[in-house]
Amino acid sequence: MREVKFQGDYPALAAEVRSILLSGGSCHDFDHTRRVMRNAEILLDQYPDADAQIVMLGALLHDVARPQEERSHGRQCHARTGAEMVPELLKKSGFPEALAAPVAAVVRSHRFRGKDQPESLEADIVFDADKLDSLGAVGLGRAFLFAGHVNARLHNTEAEALAAEPYTREDTAYREFLVKLRYLPRRMRSAAGRRIAVERAAFMAAFFERLDTEINPGSDLP
């Protein structure tokens, strides 16, 4: 892994982010942030021209406004709000002012459904690192965690899932896979990220096929 030389008090910043995320849900907690940072480290090894400090700070801060979005039931964009929080958070931990703009741009553009698209190699890496944590075995676990958080059903049909509104009983893990997760491989910004995403998405598809077989084995029950 590449060595990252931080120009500020990284432990203090990480502690601040951890504290903020304690007020949010378990799907986007500090454990998630750490996994995204680990994914970013893996991708950084494939892109030596990327600024490792910007990547790692962007990964650390990418979900810092998630608790606010959750409290608004999705009406507030955590990516844009988080980008607005970046300058003050970096300043508080002694990072140079010059880092605020590029790190904020990474945070602003990491969201799958966001209108702001990544415009730098660093932003591409954090976008992919975040999406990889939504796929594979970890992605399944997170999807069911969120479904439990909104009191959704264990499973539903494709028609029920696609017709459902967010934060409702039909907002199942399967719905998350159908409306977002299965499309992630084609949305990945880097070749390295795409290779990992394809394998992880295939694993999820096989899981939901098995789940559907076990739950709906052809019974005539109402």
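This report covers the salt bridges, nonpolar core, pockets and cavity of a predicted model.

## Salt bridges

The model contains 14 salt bridges. One of them pairs the side chains of E16 and K92, with 3.4 Å between N and O. This pair ties together distant parts of the chain, since E16 belongs to helix α1 (residues 10–21) and K92 to helix α5 (residues 78–92), 76 residues apart. E16 has a relative accessibility of 26% and is therefore partly exposed. K92 has a relative accessible area of 58%, so this residue counts as exposed.

A second salt bridge joins R38 and E41, whose closest N and O atoms are 3.6 Å apart. Both residues sit in helix α2 (residues 30–44); because they are three residues apart there, about one helical turn separates them. R38 is partly exposed, at 43% relative accessibility. E41 is also partly exposed, with a value of 26%.

## A buried pair and its network

R66 and D63 form another salt bridge, with 3.6 Å between the closest N and O atoms. R66 and D63 are both buried. The pair belongs to a network in which D63, R66, E69 and R111 are joined through salt bridges that share partners.

R66 also appears in the description of the largest pocket, where R66 is one of the residues closest to the centre.

## Nonpolar core

The largest nonpolar core is made up of 56 residues. Within this core, the residues with the most contacts are L13, V55, L61, L90, V103 and I125. Helix α3 (residues 52–61) is the biggest contributor, giving eight residues to the core.

L61 shows how such contacts reach along the chain. With neighbours within four places in sequence left aside, L61 is in contact with L13, V17, V86, L89, L90, V103 and V107. Among these partners, L13, L90 and V103 are also listed with the residues that have the most contacts inside the core.

## Largest pocket

The largest pocket holds about 650 Å³ of space. Its lining has 31 residues, and those closest to the pocket centre are H28, R66, R113, E176 and K180. Two or more lining residues come from each of α4 (66–71), α7 (121–132), α8 (136–149) and α10. Of the elements, α8 supplies the largest share, with five residues.

What is the chemical make-up of this lining, in nonpolar, polar and charged residues? The lining of the largest pocket has nine nonpolar, nine polar and 13 charged residues.

## Second largest pocket

The second largest pocket has a volume of about 170 Å³. Its lining consists of I54, P102, A105, V106, R108, S109, D116, Q117, E119, S120, E122 and A123. The elements that contribute two or more residues are α6 (100–108) and α7. Helix α6 gives the largest share, four residues. By type, the lining of the second largest pocket splits into five nonpolar, three polar and four charged residues.

Helix α7 contributes two or more residues to the lining of the largest pocket, and helix α7 does so for the second largest pocket too.

## Cavity

The structure has one cavity of 30 Å³ or more. The largest cavity encloses about 40 Å³ of space. Its lining is formed by G25, S26, C27, H28, E70, F146 and H149. These lining residues comprise two nonpolar, four polar and one charged.

H28 lines the largest cavity, and H28 is also listed among the residues closest to the centre of the largest pocket.

## L178 in helix α10

L178 lies in helix α10 (residues 173–179). Is L178 buried or exposed? L178 has a relative accessible area of 4%, and since the limit for buried is under 20%, L178 is buried.

Setting aside residues up to four places away in sequence, the contacts of L178 are E158, A161, L162 and Y183. L57 lies elsewhere: the C-alpha atoms of L178 and L57 are 31 Å apart in space, and the two residues are 121 residues apart in sequence. Helix α10, which holds L178, is also one of the elements that give two or more residues to the lining of the largest pocket.

Conventions
Residues are numbered from 1 along each chain as its sequence is written. This is a predicted model: local features need pLDDT of at least 70, side-chain atom pairs count only at pLDDT 80 or more; totals for chains, interfaces and linings use all residues. Side-chain values use heavy atoms; hydrogens and water are left out. A salt bridge is a side-chain nitrogen of Lys or Arg within 4 Å of a carboxyl oxygen of Asp or Glu. Buried means under 20% relative accessible area, exposed over 50%, partly exposed in between (1.4 Å probe, protein chains only). On a 1 Å grid over the protein atoms alone, a cavity is a set of points where a 1.4 Å probe fits but cannot get out, and a pocket is an open set with protein on both sides within 12 Å along at least five of seven lines; lining residues have an atom within 4 Å of a point. Grid points are joined across faces, edges and corners, and a volume is the space filled by probe spheres set on the points. Ala, Val, Leu, Ile, Met, Phe, Trp, Tyr, Cys and Pro count as nonpolar, Asp, Glu, Lys and Arg as charged, and the others, Gly among them, as polar. Contact means heavy atoms within 4.5 Å. A nonpolar core is a set of buried Ala, Val, Leu, Ile, Met, Phe, Trp, Tyr and Cys residues joined through side-chain atoms within 4.5 Å.
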